[in-house]
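Colleague: I would like a close look at a single part of this model. Please keep the answer in one piece.

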Amino acid sequence: QESGTVVEILLNKGAPPEQIAVAQKQLWLAERIARNVEKMLEGSADANHVAETFNQDASMFGTVLNGMRKGNTKLGIARVRDSEAVNSLTQIAELYG
């Protein structure tokens with residue numbers, strides 16, 4: 001939910017398209033992580049694959065989240081500077097932790 005808030009804030013504040021795209025990808029990744037958690041809890045037949053995908057997605061989510069909060073030139077992620085969006089990113093980081 002907070003990832004959606006970040007996207008909305010960035011859209012409303014006229015953030016650069018690249019930054020909005022990164023935030024949107026984070027939202028999609030968060031949704032995929034949630035689906036994989038549900039599959040693992042259900043005891044899905046492909047649990048090993050689901051767990052591997054979850055681990056990869058969770059790692060990428062954390063890396064990109066950190067990039068959004070601090071910037072990451074290697075990944076081409078600009079630091080989010082809008083105070084509302086930063087507050088949401090801080091909440092996401094707390095939940096992620």
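Is Y96 buried, partly exposed or exposed, and what is its relative accessibility?

Modeller: The model is a predicted one. In it, Y96 has a relative accessibility of 40% and counts as partly exposed, because that class lies between the 20% and 50% limits. Y96 belongs to helix α4, which spans residues 83–96. Its ring pairs with that of F61, a residue of helix α3 (residues 47–70). The two residues are 35 apart, and the pair links distant parts of the chain. The ring centres are 5.8 Å from each other and the planes make an angle of 35 degrees, which gives a tilted pair. The count of aromatic pairs comes to 1. On the other side of the pair, F61 has a relative accessible area of 6% and is buried, because this value is under 20%.

F61 and Y96 also both appear in the lining of the largest pocket. That pocket has a volume of about 230 Å³. Beside these two, its lining includes Q1, E2 and S3, then L27, A30, E31 and I33, and also I92 and L95. Helix α2 (17–42) gives the most to this lining, with 4 residues. Helices α1 (2–12) and α4 each supply at least two residues as well. By residue class, the lining of the largest pocket divides into 7 nonpolar, 2 polar and 2 charged residues. To return to the residue you asked about, Y96 is thus a partly exposed residue that forms a tilted aromatic pair with F61 and lines the largest pocket.

Methods. Residues numbered from 1 in each chain as written. Predicted model: local features only at pLDDT ≥ 70, side-chain atom pairs only at ≥ 80, totals over all residues. Heavy atoms only, no water. Phe/Tyr/Trp six-rings, centres within 6.5 Å; stacked < 30°, edge-to-face > 60°. Buried < 20%, exposed > 50% of the residue type's maximum accessible area, 1.4 Å probe, protein only. 1 Å grid on protein atoms, 1.4 Å probe; cavity = no way out; pocket = protein on both sides within 12 Å on 5 of 7 lines; lining within 4 Å. Points joined across faces, edges and corners; volume = space filled by probe spheres on them. Nonpolar A, V, L, I, M, F, W, Y, C, P; charged D, E, K, R; others polar.
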